Amino acid sequence: SEALRCSGIEAEFLGTWDSEIGIRNLANAIRANADKHLFVVGEYGSGKTRCVCVNLERIIRQGKRGKYYRFNRLANDYSKSFAHGEIAPDAFIAQLLRCDVLVIDDICKKERIHNTAAEFVYEMLDKIYASNTACRVWFTSNIVPAELNKKFDSKDLAAAVSSRIDR
C-alpha cells in the first residue's frame with residue numbers, strides 16, 4: 001500500500017520566520033500547494049497557524065468548505081463521541097472529512113500521543129488513503145513527520161501512522 005503523500009513545508013526553506021518576508025514566503029508556499037495534503041513544520045510562534053488560517057480563509061471565500069481544529073481538541077472529541085455511543089468512529093471521521101480542506105493544528109504539541117488519539121490519526125489517514133477523498137488535510141507541527149513515531153505510546157500505531165505519511 002502507498003503512503004498518503006504530504007508535501008512538507010519547513011522553515012529552513014522559507015527564510016526567517018519572524019520577518020514579514022518569511023511569513024509571506026510561508027503563506028505563498030501554502031497557497032501554491034493548497035491542492036495537496038500538507039505537513040507544515042516550524043518552531044512555536046513561527047507563523048505556521050497564522051499562514052495556514054489565512055489560506056483556509058481564502059479557500060472559504062472562494063466558496064469551498066474548510067474546517068479548523070486543534071489536534072488535542074479533535075482527538076478528545078473523537079474519543080468522547082464513541083465512548084458515549086454518540087457516533088461510530090468511522091462516521092465521526094467521515095463527517096470530519098466532508099470539506100475541501102481540514103486543518104489540524106499542533107499535532108504532537110503534547111509530549112505523548114496516547115492510544116486513542118493515535119488510533120484516530122491512523123484511522124483518519126487510512127480513510128483518506130482508502131477512499132481517495134477530495135478533502136485535503138493540512139497539519140501543523142513543531143516536529144517533522146519522521147519524528148512522529150517517537151511521540152506515540154504504541155509502537156504498532158506509530159509504525160502504522162508513519163506508514164501512511166510519505167516523508
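User: Where is lysine 36 found, in terms of the loop and its neighbours?

Analyst: Lysine 36 sits in the loop between α1 (20-32) and β2. Keep in mind that this is a predicted model.

User: What makes lysine 36 partly exposed?

Analyst: Its relative accessible area is 35%. Buried would need under 20% and exposed over 50%, so lysine 36 lands in between and gets called partly exposed. As for its surroundings, the C-alpha atoms of lysine 36 and valine 101 are 9.4 Å from each other, with the two positions 65 residues apart along the chain.

User: OK, on to β2. How do you know that β2 is mostly covered?

Analyst: Five of its five residues are buried. That goes for both faces: His37, Phe39 and Val41 on one side, Leu38 and Val40 on the other.

User: Why is β2 said to pair with β5?

Analyst: Two strands pair if there are at least two bridges between them. Strand β2 (residues 37-41) and β5 have four, in the parallel sense, so they pass. Within that pairing, phenylalanine 39 stands opposite phenylalanine 139 of β5.

User: And which sense does the pairing of β4 with β5 have?

Analyst: Parallel again for strand β4 (residues 101-105) and β5, over four bridges. Here valine 103 has tryptophan 138 of β5 as its bridge partner.

User: What makes β5 mostly covered?

Analyst: Strand β5 runs over residues 136-141, and five of its six residues are buried.

User: Let's do helices. What makes α3 roughly perpendicular to α5?

Analyst: Helix α3 (residues 71-83) and helix α5 (residues 115-131) pack at about 95 degrees, and their axes are 9 Å apart. The roughly perpendicular bracket is 65 to 115 degrees, so the angle between α3 and α5 falls inside it.

User: Which residues make that contact?

Analyst: On the α3 side, Phe71, Leu74, Ala75, Tyr78, Ser79 and Phe82; on the α5 side, Thr116, Ala117, Phe120, Val121 and Glu123. Sorted by class, the contact of α3 with α5 has eight nonpolar, two polar and one charged residues.

User: Now the cysteines. How many disulfides does a search of the whole structure find?

Analyst: Zero. Take cysteine 51: the nearest cysteine sulfur belongs to cysteine 53 and is 9.5 Å away. A disulfide needs the two sulfur atoms within 2.5 Å.

User: How do you know that the sulfur of cysteine 99 is too far from that of cysteine 135 for a bond?

Analyst: The sulfur of cysteine 99 is 3.7 Å from the one in cysteine 135, its closest cysteine sulfur. Put that against the 2.5 Å cut-off and the pair fails, so there's no bond to call.

User: Why do cysteine 51 and cysteine 99 count as buried?

Analyst: The buried label needs under 20% relative accessible area. Cysteine 51 is at 1% and cysteine 99 is at 3%, so each of them qualifies.

User: What is odd about the phi of aspartate 106?

Analyst: The phi of aspartate 106 is positive, about 65 degrees, although this residue is not a glycine. You'll find aspartate 106 in the loop between β4 and α5.

User: Why is aspartate 106 called buried?

Analyst: Its relative accessibility is 10%. With the limit set at under 20%, aspartate 106 therefore counts as buried.

User: How about lysine 151, buried or exposed?

Analyst: Buried: the relative accessible area of lysine 151 is 15%, so it comes in under the 20% limit. Lysine 151 belongs to the loop between β5 and α6 (155-164). Its C-alpha atom and that of histidine 114 are separated by 8.6 Å, while the two residues are 37 apart along the chain.

User: Zooming out, how many helices and strands are there, and in what pattern?

Analyst: Six helices and six strands. Along the sequence the pattern reads β-α-β-α-β-α-α-β-α-β-α-β.

User: And what share of the protein counts as buried?

Analyst: Of its 167 residues, 46%. On the contact side, among contacts with a separation of 6 or more, 78% involve residues 24 or more positions apart.

Definitions and conventions
Residues numbered from 1 in each chain as written. Predicted model: local features only at pLDDT ≥ 70, side-chain atom pairs only at ≥ 80, totals over all residues. Heavy atoms only, no water. Axes fitted to C-alpha atoms, helices over the stretch in contact; angles between N-to-C directions. Helix = DSSP H or I, 4+ residues; strand = E, 2+ residues; numbered from the N terminus. Parallel < 35°, antiparallel > 145°, perpendicular 65-115°, else oblique. Contact = heavy atoms within 4.5 Å. Nonpolar A, V, L, I, M, F, W, Y, C, P; charged D, E, K, R; others polar. Buried < 20%, exposed > 50% of the residue type's maximum accessible area, 1.4 Å probe, protein only.
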